[in-house]
Structure formats: structure tokens, C-alpha cells
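Student: Please take me through the loop backbone of this model in detail. Then place that part against the chain contact and the core.

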Amino acid sequence: MTSATRPRVPIKPGYFTVPDDPSQPPKLLATKCNACGEHYFPRRAICARAACLSEDVTDVEIGPRGTLYSYTFVHMPLFGSSNLEHMDGYGVGQVDFPEGPRVQLPLAGKKDDFHIGQTLEAELDKMREDGNSDVVIVRFRPVESSK
Amino acid sequence: MKDVAVLGVGMYRFGMGDAPNAVMAREAGMMALRDAGLSFRDVNAAYVGHIFASVMTGVRVMKEFGLTGIPVQRIENASATGSAAFREACLQVAAGHYDVVMVLGFDKMTTMIQQSTQGTAPENMEDSILPAGFFALWATRRMHERGMKAEHLAKIAAKNWNNGALNPMAQRQSTEPTTVERVMKSRMVAWPLTTMMSCPMGDGAACAIVGRADLAKKLRPERPVVRVVASDLQSEKYVPGHIFMGPVVGAPQMTIDTSQKVYNEAGVGPQDLDLVQVHDAFVIEELEYYELLGLCKPGEAEACIERGDFELHGRVPVSTDGGLIARGHPGGPTGLAQIWETTLQLRGEAGKRQVKDARIGLCHMMGGGSVCVIHILQRE
């Protein structure tokens, strides 16, 4: 990991963890409703279920693994990225987490690497540099054994 | 909705022009006033719809028509901006607050893109992803669940391009017939969506004059009255799996619920519709809306496309003016372009793309994947 020596900062704070150990996958910052048990990503202050709307919620971390619900490959550079890998395009997926939330974020790999139902794991992906830091986004990579 | 009619409609052709908002909006507005047989002096209130222009643009643009002191309000609801503004005008007339209301939509999406380095806010994770990518996710899932092929999407796109070629206000007016092969060969944007399966960037304006239905007959005794018989706008109800970050593509229940509401209000069902306009920013949406609006049963869209059910002279023509794909989608005016098309069709004034004996039309728009607006128009 060449980026291990440079500090990593999230593209937007409050959405995912940036582990100190670069070999560890990030987790998503989510919310659990203590009244009804529903989980949400990103975090929120009030449960969204019409029958609940409780303000009694707790910050939790979910992931790093989920299941691919749908995917595509976009043939345009990833907006806001100066990473050469993103110039030819990027995958996008909807990933279902065991706790409930479905999230849509970039995928690592090419179109033929993806199939619905496979297991993916979160990783941090460098978008650009900011001074001495690397600005990172969270994305999902297919777990080899699930193919 | 009681006793509300579309008195007049006007458009400034959608496209990559260089006319400022004020010019496009003035031309569309004056066309609508002339169409209604009214002067701006007769307008009691105005709702303006624009997504991209800066604060107060709506009020400033309205000064083009004259400074008569009327209330002017801006409405914004992403792609559904024009439709949402139209709904406010209808509600006001139905409530008896006003007799004649101008609904004016305009936008310069081309300027918005030029002003931003990448068309996005770099601090938002979801803005890193091209909108087509989100809609493509819907298409991939459909392929998995229902065996849809890219050719089904291409057939919808070809239909809309060919309808657009018959519409003088359409942005894309291909001089040669568009085939499935040509659509499939166009550049891939987000698999399986190609450029010809996606709406273009563009500018434009559109206007509708809404008023008391009895005025319609008085002003234009020679032509049929087009009534607004139902209107609804809904946001989403939470369901597990709801996506909070990025546009919510899918949101199927919202279109089902909103359409049920307008069918009930109008006292009609999907089988009664003579023509339909939908939010076909990407063709997969149009396919899904066939089922969600009840134009066919769930799982039957592909077979209906193969049969040509939604072609201009099919069972129930959809996107008769070319839809967002070919007529264009500048933003604010898009929903009003649907009203323009449906009004002309119901009057029998739609020229080469006229649907025979059209009596009832439905206009459906989505805003940011998170609101749904539907109107039903009916010829008296």
C-alpha cells in the first residue's frame, strides 16, 4: 500500500471510518433506532418509519461486507477524482447490508467482475491529493470467494 | 379537481441555444397568452419554475410581461418543477382564489454545467457518480429479475426519437428514422444505457395558462375545452431498503400510489387513457412506468414493447412528443412541455403526431427520484 505513509481524509466526514491500520477495511457510520430496531445509512436523528419517528437513536457502525443488489459500469471519469484508475470509468453498485440499509456507491473492478448476489467488502479509494493527505471515498470490491 | 381548464399553452423550442432565460420565457409566455386569447392584464397570479437560475430570477423574468403587481411565486422540485408549479396554479383556481394563472417554466441547463467545473459538488459522495449510473442500476436489476434485454430499451428510445422528429419543439429532430440498431451502436454511458437512451442537456421554456373552465369556452368557443380533472403530488413513504444517499431510483410505490390517487379523482383507470407522458430521462424509467402506472401488468412490459403497444399509433401511445429523450429536459419547463403536448393532442392540434380521437391524457413527472407529480387532462 503506497498510500499507507500518507494520512487519509474522507471526502466527506461522518459517512465512513478511516482505520489507522490500512490493512483493515472501513465501516459505514450508521444509525440504529432504539425504539423499533431499524438501521439507517447515512446517520440521522429521527427514525424515518411513519409508525415510529422516534428520536431515541444510537450511532452504530455497519459492514464492511454486503451483498450486491444491482450494478453498472459508467464510461465517464469519476467526478472529483484525479486518480488515473477513474479516468476510464468506474463501477457503481447498490449494496445490501445485513443490518438492513441499501447503499449506492462506486465499485472496484470492471463490469464483468460484478454479478447480482455476490459478497462485497468496503475499501478506501484515493480520489485526489490535498497537501500531504489523500482524499478517499469508500467503495466496494467483490470478495473473490463469492464468485 | 373542479372546473379548472388549460386556457393556453406555449413553448420555446428546447435545445442548445444561446437565448437568455428572459427571452425564452417571454416568447413561451406570450405564445400561451395568444393561444388563450388573453392579455397579461388578465393574469391574476404567476407560478414560475426554474431549477438552476439564481435567486429572484423568476420575479425578474416575469417583468418582461409588464409590471402589474400580481403575486409571483417560485416553485422548485428538481425535474418535476414545472409539474409542481402547474399543480399549484390548478389548486388555486380550483379553490376560487384566482380566475387566470400563468405557469412559466424555463432553464438553461447548459449554463449550469459550464459554471461548475465538473457539474457536481466535490464534497458530496453521491455527486461523484453520474446520474445515468443510478438509473442504469434499475436496468441491471430488471434484466436480472425479468429477463429484459438492452434491445427493449433501444426500442423505447427509437420510438421516442421518431416521435420527437414529428415535434417542431423537440430538441432532437433526427432527419432519418431511428432504428434499434442505431440506438444500440450509440456511445455507452452507463451500461446498458447509451447516449441515445438518455435525455440530452438543453435550454428552453414552456408556459401554460390555467383558469376557470367556463372561461375556456368563452375565450375560444371554436375549440374543445381541455380540463385538468386530477392532480396529485407525493413524496416517498419509507420502506426498508430505501436509499437516502443519491437519487432514489426505483421508488416504485410512489408512482403506484400517486397514479391510484389521480385515477380515483378523475374517475378513470389506466385502460381509459388515450396518451401518456412520463419522466423518461433514461429509457429504463419509461419501461418501469408502463407497469407502475398500470398501462400493463407487472412483468409484461417487455412483451408489450415487442408488440408496439406504446408506439405513436399503438394501444396507448407514450411520450408522443419525443419525451425527455428527444423533446428534451432543460429542467424547469419540462413538466409544462408535457402539458403543452397533451393539450394540443386533446384539442386535435398535434399535427403529424396526432393520436386519433385523443380524449384523456396523463402526465407523469419525477423530481430527484423523491417526488412524483401526476395530472390527468380530459377533453370535454
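Tutor: Helices and strands here are DSSP runs, with at least four residues for a helix (H or I) and at least two for a strand (E), numbered from the N terminus. The model is a predicted one.

Start with chain A, where a loop runs between β3 (39-40) and β4 (57-62) and holds A:P42. The bond joining A:F41 to A:P42 is a cis peptide, and its omega is about -5°. On the other side of β4, the loop between β4 and β5 of chain A contains A:P64. The peptide bond from A:G63 to A:P64 is also cis, with omega near 10°.

The strand β5 leads to the contact between the chains. Chain A contributes 31 residues to that contact, and chain B contributes 31 residues. On the side of chain A that touches chain B, two or more residues come from each of β5 (65-74), β6 (90-96) and β7 (102-107) of chain A. With six residues, β5(A) gives the most to that side. By type, the residues of this side are 19 nonpolar, eight polar and four charged.

Chain B has loop residues with a positive phi. B:S319 is not a glycine, yet its phi is near 55°. B:S319 sits in the loop between α11 (301-307) and α12 (323-326) of chain B. A residue is buried if 20 or more other C-beta atoms lie within 10 Å of its own, and exposed if 12 or fewer do. B:S319 has 28 other C-beta atoms within 10 Å and is therefore buried. B:D357 also has a positive phi, about 55°, without being a glycine. The loop that carries B:D357 lies between α13 (334-347) and β10 (360-367) of chain B. B:D357 has 8 other C-beta atoms within 10 Å, so this residue is exposed.

Last, the core. In soluble globular proteins, nonpolar side chains tend to be buried together. The largest nonpolar core of this model has 159 residues. Those with the most contacts inside it are B:V101, B:V103, B:A157, B:C207, B:A208 and B:V210. Strand β1 (residues 4-15) of chain B supplies the largest share of this core, eight residues. Take B:V210 as an example: leaving aside its neighbours within four places in sequence, its contacts include B:V4, B:V6 and B:L7. Also in contact with B:V210 are B:F86, B:A89, B:C90 and B:V93, as well as B:V101 and B:V103.

Terms used: Residues numbered from 1 in each chain as written. Chains lettered and ligands numbered in written order. Predicted model: local features only at pLDDT ≥ 70, side-chain atom pairs only at ≥ 80, totals over all residues. Contact = placed C-beta atoms within 7 Å. Nonpolar A, V, L, I, M, F, W, Y, C, P; charged D, E, K, R; others polar. Core = buried A, V, L, I, M, F, W, Y, C linked by C-beta atoms within 7 Å.
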